[in-house]
Amino acid sequence: MAGDPDLRMTESLATACEAGGADLLELGIPFSDPIADGPEIQEAGQRALRAGTRPRDVIGLAARIRQETEIPLVLMTYMNPVLAMGLPTFAERAASAGVDGVVVPDLSLEASPEIREPLDAHGVDMIQLVAPSTPPTRAAAIADASRGFLYVVARYGTTGARSSLPEDLRGRIAALHRVSSLPLGVGFGVTTGAHVRAVAAAGADGVVVGSSIVRRAAERRDPEDLRKFVAELATGLAVERTTSSISSSKR
Amino acid sequence: MVDAYIVRKRGYFGQFGGQYVPETLMPALHELEAAYEEAKEDPAFLEELESYYRHYGGRPTPLYLARRLTDHIGGAQIYLKREDLCHGGAHKFNNVMGQALLARRMGKKRVIAETGAGQHGVATAMVGAVLGLPVEVYMGAADMQRQSLNVFRMRLLGATVHRVEQGSRTLKDAINEALRDWVTNVENTYYLLGSVVGPHPYPTIVRDFQSVIGREIREQSLERNGRLPDLLVACVGGGSNAMGTFAPFLDDERVELLGVEAGGRGMSPGEHSASLTGGRPGVLHGARSYVLQDDDGQVLETHSISAGLDYPGVGPQLSALKDIKRASFVAVTDKQALEGFHALATYEGILPALEPAHAVFVAMQKAREMKRDEVVVVTVSGRGDKDMATVADSMGVKV
C-alpha cells in the first residue's frame, strides 16, 4: 500500500520486493471505502490516507520506481479516485509514469469500457478480475476484455490472509486456460510460501501475494526483512512459472 | 418517458447507477434481477406482499389534512402521508417486507443487512422473525453506542448484530462490511439493502417496493380532492421514502417534486449530509451517484442530527432526476429540522422522526408562499420515539 507509513518507505519496500524475487509490483492507491479488501489492506489504506497520501503522489512514486527498474508496475485502486482525477488524466499520468497496468476491483465487466478505452489509448493494461462465481461464458468475455493478464480471484471473499487454499482452484485454472490465452495471475488469500508453490503448481502463470506482504511491511517497516520475506515466498518457483511473462512484453 | 425515469439495459438512470462491485457479486446481482423480474409479474407473490402490507403492516397509511398546521401557516393545505403509522414506526417496512419475501422465494437461508440509526436493522429483524429467516445486521460501533436501544430491539427480534470498527464506524462502513460479508457468503446469503442505493437492481427494487407510498397518495388525493397534489415533499438520505413518494408521479409534470437533505450544522465539508446539494458525481457502494467527497475522491464523513440521513451518497435515480430538473433538492439545517419537529408536535399532536422533520420544515416554508386552494403533501417517513434523547438534548433537557 503506497504511503503506509510514507511514500519514501514504500519506495524502499518496493525495491526490496524486487530484490527478493518479485516479478511484478502492485502499488495500492489508498481509498476510503475499499469494499473488496480485508482488514490488512483496509488498515494499511487508512494509515496511508491519514499520512496524507494522494493518488497523484502514488503515480509520482511509480514514476520514480520506473527510473530505477524495468519491473512491471501495476496500480491497484477503486473507481472513485480514478473518476475524481478524471479518466483521461489518470490514463495519461499512469502512462507517462511508466505504469504497465491497472487493477480496479469494483469495476465490473459491464462498466469497464469507460476506463479501458482511455487506458488502451495510452497503452496501459486494464486488468480484469474473474471470480469463483463467474460462469464460463462470462469468464471468456472478461478474458477478452482484459489486457496484460487475467486476474483470477482464488476464493469467495475479500483480500486477506487465510490458512488454506480453495480445493477447486486447479480445475478453475485449467478451465480458464482453455478459454483464454492471457497469462493467469492468481490472488486473494494466497498467504504463505507453500500457498505460492501450490498455486503455481495448480497452473497459474503468476501468483499475487498482497495482504501478507502489506502486513509484514507494516509490522517491521524494514526493507531488508521484506526482501527476505519475499524471497521465502518465491522459493522454489521456476522462473517461467512466475509473473515475469506478464504485462512487461510490450515495453 | 424521459431517460432518467427508466432503468436502461445496464441499470443506469441517465449517467447514474450501474454496477460497480467486485466480480464475485456480479452473478448474484444477475440472479437477483432475474428473480425480481419474475416475482413482480407473479400474482401470488404480489398478493402475499399485499396481504402482509394490509394485515401485518397496517397499510394503507392515512393521508391526513393537517388543519391546525395549515391554519397556522396560512397558505396551501398541508397533508401528511403517515408512514410513521406503518408497522415498526417507519416506511422501512415497505421495502424489507418485499425483499424478505423475495429472499425466501429465492431459497436464501441467511439474510444480512446494514443499518445506520438502527431503523432498517430493526425492520429487517422484524420481517426475519415473521418469515422465519435468520438475520444478521452490520452496524457501526459509533452508531451502536448512539442507538443502543435499537441494538436491543434487534436482538429481541432474534437478529445477530455485528459491530463494525472500520473507518468512521458509521453507516457507510456498515455497508462496506455487509458487502464484504456478501462477497464471502454470496452463495447462500441474501443482502437486504435498506435504501434506493447500491448496485443495480437494488435502486429499482427498493423504489418499487416503496412506491406503495406514492400510489396511495395518488389514490387518496383523487378520492379526497378529485385531483393530484401540487407539491410533494420528502426527506432524502439514501432516498427511499422520497423515491417511493415521487415514483408514481414522475409523468405528472404539473406535480412538483422536492427532496430535502440534511444541511447539518452548515455546508462546510463534514458538517452536513447533503449529497445532492453539496456533492458531485462519483462511485460509492456499487453505483454512480452524487457523493460527498474530497478532491481525490475520498469519501467524506458526514453529520446530521438525524442518523437516518447521515450518509455521504444518494440514490442514482434521484441523482438523475436532479440533473434533468424533474425534481429539485434543498438542504435544511439541524435547527430548522427541529423547528419542523416542534411545529408538528404543537399543532398536530404528532412527534415525527427527525428525518421527516426536515421535510416538514420545507413544506411549511413552501406552503406559506402558495395559495389556499393548493395542496402540499409531505411524507412523514417515521415516528419520533427513537429521537427523544436527541430532541431533549437540543433543548438542554435531561430525560
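Both Asp181(B) and Arg110(B) are buried, and in this predicted model their side chains meet in a salt bridge, with 2.7 Å from N to O. The pair links distant parts of the chain: Asp181(B) sits in helix α8 of chain B, Arg110(B) belongs to strand β5 (residues 110-115) of chain B, and the two positions lie 71 residues apart in sequence.

Right next to Asp181(B) in the numbering comes Trp182(B), which brings in the aromatic side of the story. A search of the whole structure turns up 11 aromatic pairs over all chains. In one of them, the ring centres of Trp182(B) and Tyr202(B) are 6.2 Å apart with the planes at 70°, so this pair goes down as edge-to-face. Trp182(B) is part of helix α8 (residues 171-185) of chain B and Tyr202(B) is part of helix α9 (residues 202-210) of chain B, so the contact ties together parts that are 20 residues apart in sequence. Like the salt-bridge partners above, which are buried, Trp182(B) and Tyr202(B) are both buried.

Rings also gather elsewhere in chain B: Tyr52(B), Tyr53(B), Tyr56(B) and Phe93(B) are joined into a cluster by ring pairs. Then there are the charges that sit over rings. Arg218(B) lies over the face of Phe249(B), 5.4 Å from the ring centre. For Lys322(B), the charged end sits over the ring of Tyr290(B), at 5.4 Å from its centre.

Back to salt bridges, where the count comes to 38 over all chains. Glu50(B) and Arg54(B) make one of these, their closest N and O atoms being 3.8 Å apart. Both residues lie in helix α2 (residues 43-56) of chain B, and the spacing of four residues is about one turn of the helix. What about their exposure? Glu50(B) has 40% relative accessibility and therefore counts as partly exposed. Arg54(B) is partly exposed as well, because its relative accessible area is 45%.

Another bridge joins Arg227(B) to Asp230(B), with 3.1 Å between the closest N and O atoms. Here the two partners fall into separate classes: Arg227(B), at 30% relative accessibility, counts as partly exposed, while Asp230(B), at 17%, counts as buried. Why is Asp230(B) called buried at 17% relative accessibility? The cut-off for buried is under 20% relative accessible area, so a value of 17% qualifies. Salt bridges can also join up beyond simple pairs, as in the network that links Arg59(B), Lys81(B), Glu83(B) and Glu216(B).

Uncharged polar side chains get a look-in too. Gln99(B) is found in helix α4 (residues 92-105) of chain B, and with a relative accessible area of 0% this residue is buried. The side chain of Gln99(B) has a polar contact of 2.9 Å with the side chain of Asn95(B).

Finally, the surface. Which residues form a nonpolar patch there? The patch is made of Leu149(B), Phe152(B), Leu156(B) and Leu157(B), which together have about 420 Å² of accessible area. Leu156(B) has its place in helix α7 (residues 148-156) of chain B. With 62% relative accessibility, Leu156(B) counts as exposed, because the class begins over 50%.

Technical notes: Residues numbered from 1 in each chain as written. Chains lettered and ligands numbered in written order. Predicted model: local features only at pLDDT ≥ 70, side-chain atom pairs only at ≥ 80, totals over all residues. Heavy atoms only, no water. Patch = residues over 30% accessible without salt bridge, like charges linked within 9 Å, V, L, I, M, F, W, Y side chains within 5 Å. Areas by Shrake-Rupley, 256 points an atom, 1.4 Å probe, with all protein chains shown as cover. Salt bridge = Lys/Arg side-chain N within 4 Å of Asp/Glu carboxyl O. Buried < 20%, exposed > 50% of the residue type's maximum accessible area, 1.4 Å probe, protein only. Phe/Tyr/Trp six-rings, centres within 6.5 Å; stacked < 30°, edge-to-face > 60°. Lys NZ or Arg CZ within 6 Å of the ring centre and 35° of its normal. Polar contact = N/O pair within 3.5 Å; in protein donor to acceptor, adjacent residues only side chain to side chain.
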